[in-house]
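Work through the exercises below with the sequence and the 3D view open. Each task is followed by a solution in steps.

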Amino acid sequence: MCNASASPAAEGRLAERVVAAGLAGIILPFVQFGWLLLVAALSDDSRCGHFGCVGRLADAWTVGNWAAVVLAWPLLHLLQVRPAWPIAVLAPFFLVPIWELADVPVSVIAGVFAYPLAALVSAPRLSWRRLSWFWPSSFCSALLALSSG
């Protein structure tokens, strides 16, 4: 059965999950940048075209996106988010539309929004009636962010 209200301890754990997921969303772009620097350092300059290795770096950025998604579960687990796998599984459903609709600077901060939202959606024993304000405001915020870019 669904409880109409959550206990203060459960709300505190939810807040910790959301904050830790946001922290993971902040850390994962640094993993992407590390991957990008590694590819740039190890690339063979003789195979680059007229504009340098921009094509390889763009490909490395795409691979870095998916590497960050794969590394999200161990990072969330390291940050003491339990269970971590629902967040790691749900976050790409929020990340991929942002990656497809936005340019690179916005996609860097996409994890800051996607991972906490996935933590909120996948929260165990959460009363959805208490979050009735969240869905319309997040939808309007997303529309405003995408229309301004």
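A residue is called buried under 20% relative accessible area, exposed over 50% and partly exposed in between, with a 1.4 Å probe and protein chains only. The model is predicted, so local features need pLDDT of at least 70 and side-chain atom pairs count only at pLDDT 80 or more, while totals for chains, interfaces and linings use all residues. Residues are numbered from 1 along each chain as its sequence is written, and side-chain values use heavy atoms, with hydrogens and water left out.

**Exercise 1. The loop between helix 2 and helix 3**

Task: Is Gln-80 buried or exposed? Then find the cis peptide bond.

Solution. Step 1: Helices are DSSP runs of H or I with at least four residues, strands are runs of E with at least two, and both are numbered from the N terminus. Gln-80 sits in the loop between helix 2 and helix 3.
Step 2: Gln-80 counts as exposed because its relative accessibility is 59%.
Step 3: Gln-80 is not a glycine, yet its phi is positive, at about 65°.
Step 4: The cis peptide bond joins Arg-82 and Pro-83, with omega about -15°. Pro-83 belongs to the loop between helix 2 and helix 3.

**Exercise 2. The whole chain**

Task: How many helices and strands does the protein chain have, and what share of its residues is buried?

Solution. Step 1: The protein chain has 6 helices and 0 strands, in the order α-α-α-α-α-α along the sequence.
Step 2: Of its 149 residues, 34% are buried.
Step 3: Contact means heavy atoms within 4.5 Å. Among contacts in the protein chain with a separation of 6 or more, 67% come from residues 24 or more positions apart.

**Exercise 3. Helix 1 and helix 2**

Task: Compare the accessibility of Gln-32 and Phe-33, then locate the surroundings of Leu-57.

Solution. Step 1: Gln-32 lies in helix 1, and so does Phe-33, the helix covering residues 8-42.
Step 2: Gln-32 is buried because its relative accessible area is 5%. Phe-33 is partly exposed because its relative accessibility is 35%.
Step 3: Neighbours within four places in sequence aside, Gln-32 is in contact with Trp-61, Gly-64, Asn-65 and Ala-68.
Step 4: Leu-57 is part of helix 2, residues 54-78, and is partly exposed at 30% relative accessibility.
Step 5: Not counting residues up to four places away in sequence, Leu-57 touches Leu-36 and Ala-40. Its C-alpha lies 7.2 Å from that of Val-39, 18 residues apart along the chain.

**Exercise 4. Helix 3 and helix 5**

Task: Where does helix 3 bend, and why is helix 5 described as largely enclosed?

Solution. Step 1: The expected span of a helix is 1.5 Å times one less than its number of residues. Helix 3, residues 85-101, has 17 residues and reaches 26 Å from first C-alpha to last, close to the expected 24 Å.
Step 2: A bend is the angle between axes fitted to the seven residues ending at a residue and the seven starting there. Helix 3 bends by about 25° at Ala-91, and Pro-92 follows within four residues.
Step 3: Buried residues of helix 3 include Ala-91, Pro-92 and Trp-99.
Step 4: Helix 5, residues 110-121, has 12 residues and reaches 16 Å, close to the expected 16 Å.
Step 5: Helix 5 is largely enclosed by the rest of the structure because 9 of its 12 residues are buried. Among them are Gly-111, Tyr-115 and Pro-116.
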